[in-house]
Amino acid sequence: MPGKEGALLRILIVEDDVLTRNMLGEILAALLGNQANLTFAGDLTEAEQKIKEVEPHVIFMDGILPPGSMSNFRNSCDLVRELRLTQF
């Protein structure tokens, strides 16, 4: 399973803008080196899948993802609320 190696810090970056997502990934990789496993998602649907697969310790999430990436009724804040109720 991706992201579950040893004692690495598992980080999920959720950002729809590819340039921003890659830039944040490069910054974190430079700062953390081989101490972290970075995983990326481009929308809320993919983020939910990655959260289940990777069980990240930290999530960097864009607060304004495009409407319709999951549904018109869900947004980043909804996902954060659901995560707060989830124990890994």
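**Exercise 1. Work out which residues of helix α2 (residues 44-54) are buried and how they sit around the helix axis.**

Step 1: Pick out the buried positions. In α2 they are Leu44, Ala47, Ile51 and Val54. Buried here means under 20% relative accessible area, exposed means over 50%, and partly exposed is in between (1.4 Å probe, protein chains only). Helices (H or I, at least four residues) and strands (E, at least two) are DSSP runs, numbered from the N terminus.

Step 2: Look down the axis. The buried residues of α2 fall within an arc of 100°, so they line one face of the helix; the arc is taken from the directions from the helix axis to the C-beta atoms. As background, an α-helix has 3.6 residues a turn, so residues three or four places apart point the same way.

Step 3: Check the ends. Aspartate 43 caps the N-terminal end of α2, with a side-chain oxygen 3.1 Å from the backbone nitrogen of threonine 45. Just after α2, glutamate 55 has a positive phi of about 50°.

A word on the source: this is a predicted model, where local features need pLDDT of at least 70 and side-chain atom pairs count only at pLDDT 80 or more, while totals for chains, interfaces and linings use all residues. Residues are numbered from 1 along each chain as its sequence is written, and side-chain values use heavy atoms, leaving out hydrogens and water.

**Exercise 2. Lay out the sheet and place α2 against it.**

Step 1: Get the strand order. The 3 strands form an open sheet, β2-β1-β3, with parallel pairing; two strands pair if DSSP finds at least two bridges between them. β2 (36-41) and β3 (58-61) stand at the edges with a single partner strand each, so one side of each is left without a neighbour in the sheet. From one strand to the next, the twist averages 20°.

Step 2: Zoom in on a pair. β1 (residues 9-14) and β2 pair in the parallel sense over 6 bridges, and leucine 9 stands opposite alanine 36 in β2.

Step 3: Add the helix. α2 packs on the sheet, touching β1, β2 and β3 (contact means heavy atoms within 4.5 Å), and its direction makes about 150° with that of β2. Axes are lines fitted to C-alpha atoms, for helices over the stretch in contact, and angles run from 0 to 180 degrees between N-to-C directions.

**Exercise 3. Find the largest nonpolar core and see what supplies it.**

Step 1: List the members. Leu12, Val14, Ala41, Leu44, Ala47, Ile51, Leu65 and Leu79 make 8 residues in all. A nonpolar core is a set of buried Ala, Val, Leu, Ile, Met, Phe, Trp, Tyr and Cys residues joined through side-chain atoms within 4.5 Å.

Step 2: Sort by element. β1 and α2 each supply at least two residues, and the largest share, 3 residues, comes from α2. As for β1, 5 of its 6 residues are buried, so it is largely enclosed by the rest of the structure.

Step 3: Follow valine 14. Among the residues that valine 14 touches are Ala41, Ala47, Leu65 and Met61. Methionine 61 sits in strand β3 and, at 22% relative accessibility, counts as partly exposed.

Key
Polar contact = N/O pair within 3.5 Å; in protein donor to acceptor, adjacent residues only side chain to side chain.
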